[in-house]
Amino acid sequence: FGDGFYVSHTSPPPYGPTSGDGTLPEGVYELSLQKPLGINFEENGYPKRGVTVIGLVSGGNAERSGKISVGDDLVGVTAVRIKGAKYERQMFDCSKWTFDTVVDAIQSNDEKFQCADVVLQFKTAEASTE
């Protein structure tokens, strides 16, 4: 285990943000989901980039959360980063990432790294159009 293992924006370091007060920007929410997430993403084209929710799997973890809506943009995701013989789970800004990079980040939250969930940050569809 490394120096950090992100759990929530409300958790103190090393389980939360390493800088700032942990407040999320207006229109952004965070939730933790177990895999499979049950979210259909689509990559945004230039110049927006990143990925947007285009669907939720009926009865899936995302739909059951009741928080995610079609049109929400994924802006943050936890991913495991290997540092030598240690690993850390950190929250990464993924607002400009490709679809494949987002999928790789989600998949890195694996039980072999003691990850029982994936922490995701979304910008609501309403906030994304402002």
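Here are three short exercises on this predicted model, each with a worked solution.

**Exercise 1. The nonpolar core**

Find which residues have the most contacts inside the largest nonpolar core, and which elements give two or more residues to this core.

*Solution.* Start with the core itself: it has 20 residues, and those with the most contacts inside it are Leu33, Ile39, Phe41, Ile68, Leu74, Leu120 and Phe122. Next, look at the elements: β1, β2, β3, β4, α2 and β6 each give two or more residues. Now zoom in on Leu120: beyond its neighbours within four places in sequence, Leu120 is in contact with residues including Tyr29, Leu33, Ile39 and Leu74. Finally, a second, separate core of five residues includes Val80, Tyr87, Phe113 and Cys115.

**Exercise 2. The cysteines**

Explain why Cys94 is not bonded to Cys115.

*Solution.* First, count the disulfides: the structure holds zero. Then check the distance: the sulfur of Cys94 is 16 Å from that of Cys115, its closest cysteine sulfur, which is too far for a bond because a disulfide needs sulfur atoms within 2.5 Å. As for accessibility, Cys94 is buried at 0%, and Cys115 is buried at 3%.

**Exercise 3. The salt bridges**

Work out which parts the salt bridge between Asp73 and Lys48 ties together, and which residues join into one network.

*Solution.* The whole structure has four salt bridges. In one of them, the closest N and O atoms of Asp73 and Lys48 are 3.1 Å apart. Asp73 lies in strand β4 and Lys48 in the loop between β2 and β3, so the pair links parts 25 residues apart in sequence. Asp73 is buried at 8%, whereas Lys48 is partly exposed at 42%. Turn now to Glu88, buried at 5%: Glu88 forms a salt bridge with Arg81 at 3.9 Å and another with Lys83 at 3.9 Å. Through these shared partners, Arg81, Lys83 and Glu88 form one network.

Technical notes: Residues are numbered from 1 along each chain as its sequence is written. This is a predicted model: local features need pLDDT of at least 70, side-chain atom pairs count only at pLDDT 80 or more; totals for chains, interfaces and linings use all residues. Side-chain values use heavy atoms; hydrogens and water are left out. A nonpolar core is a set of buried Ala, Val, Leu, Ile, Met, Phe, Trp, Tyr and Cys residues joined through side-chain atoms within 4.5 Å. Buried means under 20% relative accessible area, exposed over 50%, partly exposed in between (1.4 Å probe, protein chains only). Helices (H or I, at least four residues) and strands (E, at least two) are DSSP runs, numbered from the N terminus. Contact means heavy atoms within 4.5 Å. A salt bridge is a side-chain nitrogen of Lys or Arg within 4 Å of a carboxyl oxygen of Asp or Glu.
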